[in-house]
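Thank you all for making the time; please take a moment to look at the sequence and the model before I begin. I will go through it piece by piece.

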Amino acid sequence: MSNKIQAIRGMNDLLPDQSPVWQYVERQLRSLMDRYDYREIRTPIVEQTALFARSIGEATDVVEKEMYTFDDRNGESLTLRPENTAAVVRAAMQHGLLHNQTQRLWYMGPMFRYERPQKGRYRQFHQIGIEAYGMTGPDIDAEIILLSARLWRQLGMAEHVTLELNSLGSPEARAAYRQALVAYFETHREVLDEDSRRRLISNPLRILDSKNPEMADMLAGAPQLLDHLDEASRDHFEQLKATLDAAGIGYRINPRLVRGLDYYSRTVFEWTTTALGSQGTVCGGGRYDGLVEQLGGKPTPGVGFAIGLERLMLLLETLELIPEEAKGGADAYLLAMGEAAEREALLLGERLRDALPALRLQVHCGGGSFKSQIRRADRSGAKVALILGEDEIANGRLTLKPLRDDGDQQTLALDDAIAWLARLL
Ligand code: ATP
Ligand code: MG
């Protein structure tokens, strides 16, 4: 077997050239969560299969064909999480986080779905998500939308995403609507494609999601969920819209937005972009008041969203919104000229890091000529090369050679060199 082992299709390595950009975005996300006082929760990547089957819904794409499911050595059916809402509910119930209290939580990590890999669609991908529990009103729906809107502003991409909004109403209203919808589809059976005919029985609302152009006219004439809302849901929706209006958040009502998972009720929303082709949804979320009860807990309202990080990164790259300083690289690169200097350089490196905690310093290891060391210094991205040779050691001095501008090389007493570096940061 001479074939080299490769990564699994649709599962990406994050290489060191790209990781500073991810870290930059992750930093922004974490600080945003802090600013709204949301707290992080981390759950395992693997859960019992039943958790996802029961929450996401048996007749959804995710459960029907996208889950990575396997038996462990005891014969128990486990699944790599395809999303995290159900797992967070499971953890919150298990640890008593839902009893007589409100929670504002966030998570970040990899999710797994067996999909056809393409740009913006992978088999391992990453989400950051929010889950808020114990609050029934439209105020918390608005808060998480405002939070996401702030993120787009913070990243400089606010004018490139659109908020799409819909309400799915109460389960009862949805059941009545479902009947009206099925009746309508029955009268247009000849236009339905094979997938849709199957869904007509299992999950007719999902037919509205179809991108088949041959069904577009028929779908445009379908009865609308918004016309079937119960009064409480309509009121909830009106209040949410009024808050968004007052906050200056634009939105488009999309009566066909039903989202892929079964557990939503009332508010559903997506942030979409036209800059990424058909993988245009960057963030999706909504309210899921029935989910906790469905998973065996006391009735507890919940609302949340998930952002696809790969799509967010693609969008930021496409729009060239990644600031230069987010791309990482060393500030300084310390060269050691001559054998005696090699150990001294490591020790000096420690002293510099003691004195300048913000300094990103790479100390040259492995010897070599001045020319080869300076080439490495250049590749490190450092703004300045620090040169330590026998003379410098003997006199307690350090030579600084700017690499990115035509400033003069100079040899300074160590304290002055530290002060010079402090100004550089
Ligand atoms: P889509 O309609 O694009 O398949 P979805 O409705 O299945 O999306 P959600 O389950 O709502 O997606 O997940 C929230 C977000 O996670 C999506 O808006 C998207 O940004 C991201 N996402 C979902 N599936 C993938 C995937 N396979 N690869 C990369 N990102 C994904
Ligand atoms: Mg999907």
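**Helix contacts and a few single residues**

I would like to begin where Leu348, Arg351, Leu352 and Ala355 of helix α12 meet Leu414, Ile418 and Leu421 of helix α15. Sorted by class, the residues of this contact of α12 with α15 are six nonpolar, no polar and one charged. I should say at once that what we are looking at is a predicted model.

How are these two helices placed against each other? Helix α12, residues 339–355, and helix α15, residues 414–424, pack with their axes 11 Å apart and at an angle of about 55 degrees, which makes α12 oblique to α15. The crossing in which α12 passes α15 is right-handed.

To place this in the chain, the domain assignment gives domain 1 as 19–169 + 229–318 and domain 2 as 329–424. The C-alpha centres of domain 1 and domain 2 are 47 Å apart.

Let me turn to another pair of helices. Helix α1, residues 19–35, and helix α11, residues 309–318, pack at an angle of about 110 degrees, and their axes lie 11 Å apart. Angles of 65 to 115 degrees count as roughly perpendicular, and α1 and α11 are therefore described as roughly perpendicular to each other. Here, too, the crossing is right-handed, as α1 passes α11. On the α1 side the contact is made by Val21, Trp22, Val25 and Leu29, while α11 contributes Leu309, Glu310, Leu312, Met313 and Leu316. Taken by class, the contact of α1 with α11 has eight nonpolar residues, no polar ones and one charged.

Next comes helix α2, residues 49–56, which is mostly covered, with six of its eight residues buried. Which residues of α2 are those? They are Thr49, Leu51, Phe52, Ala53, Ser55 and Ile56. The elements that cover these buried residues of α2 include strands β2 (46–48), β3 (68–71) and β4 (77–80), together with helices α3 (61–66), α4 (85–94) and α10 (291–294). Just after α2 we reach glycine 57, which takes a positive phi of about 110 degrees.

A positive phi also turns up in residues that are not glycine, and I have two of them to show you. Asparagine 100, in the loop between α4 and β5 (103–112), has a phi near 55 degrees. Is asparagine 100 buried or exposed? With a relative accessible area of 73%, asparagine 100 is exposed. Arginine 266, for its part, has a positive phi of about 50 degrees and sits in strand β9, residues 265–272. Arginine 266 counts as buried because its relative accessibility is 19%, and the cut-off for buried is under 20%.

Arginine 266 brings me to my last residue, histidine 236, since the two are in contact. Histidine 236 is found in helix α9, residues 231–246, and with a relative accessible area of 5% it is buried. What does histidine 236 touch, if we leave aside its neighbours within four places in sequence? Its contacts are Thr136, Gly137, Pro138, Asp141, Arg266, Thr267 and Arg287.

With that, I will stop here and hand over to the group for discussion.

Definitions and conventions: Residues are numbered from 1 along each chain as its sequence is written. Chains are lettered from A and ligands numbered from 1 in the order in which they are written. This is a predicted model: local features need pLDDT of at least 70, side-chain atom pairs count only at pLDDT 80 or more; totals for chains, interfaces and linings use all residues. Side-chain values use heavy atoms; hydrogens and water are left out. Axes are lines fitted to C-alpha atoms, for helices over the stretch in contact, and angles run from 0 to 180 degrees between N-to-C directions. Helices (H or I, at least four residues) and strands (E, at least two) are DSSP runs, numbered from the N terminus. Angles under 35 degrees count as roughly parallel, over 145 as roughly antiparallel, 65 to 115 as roughly perpendicular and the rest as oblique. A crossing is left-handed if the near helix is turned anticlockwise from the far one by less than a right angle, and right-handed if clockwise. Contact means heavy atoms within 4.5 Å. Ala, Val, Leu, Ile, Met, Phe, Trp, Tyr, Cys and Pro count as nonpolar, Asp, Glu, Lys and Arg as charged, and the others, Gly among them, as polar. Domain bounds come from an automatic or database domain assignment. Buried means under 20% relative accessible area, exposed over 50%, partly exposed in between (1.4 Å probe, protein chains only).
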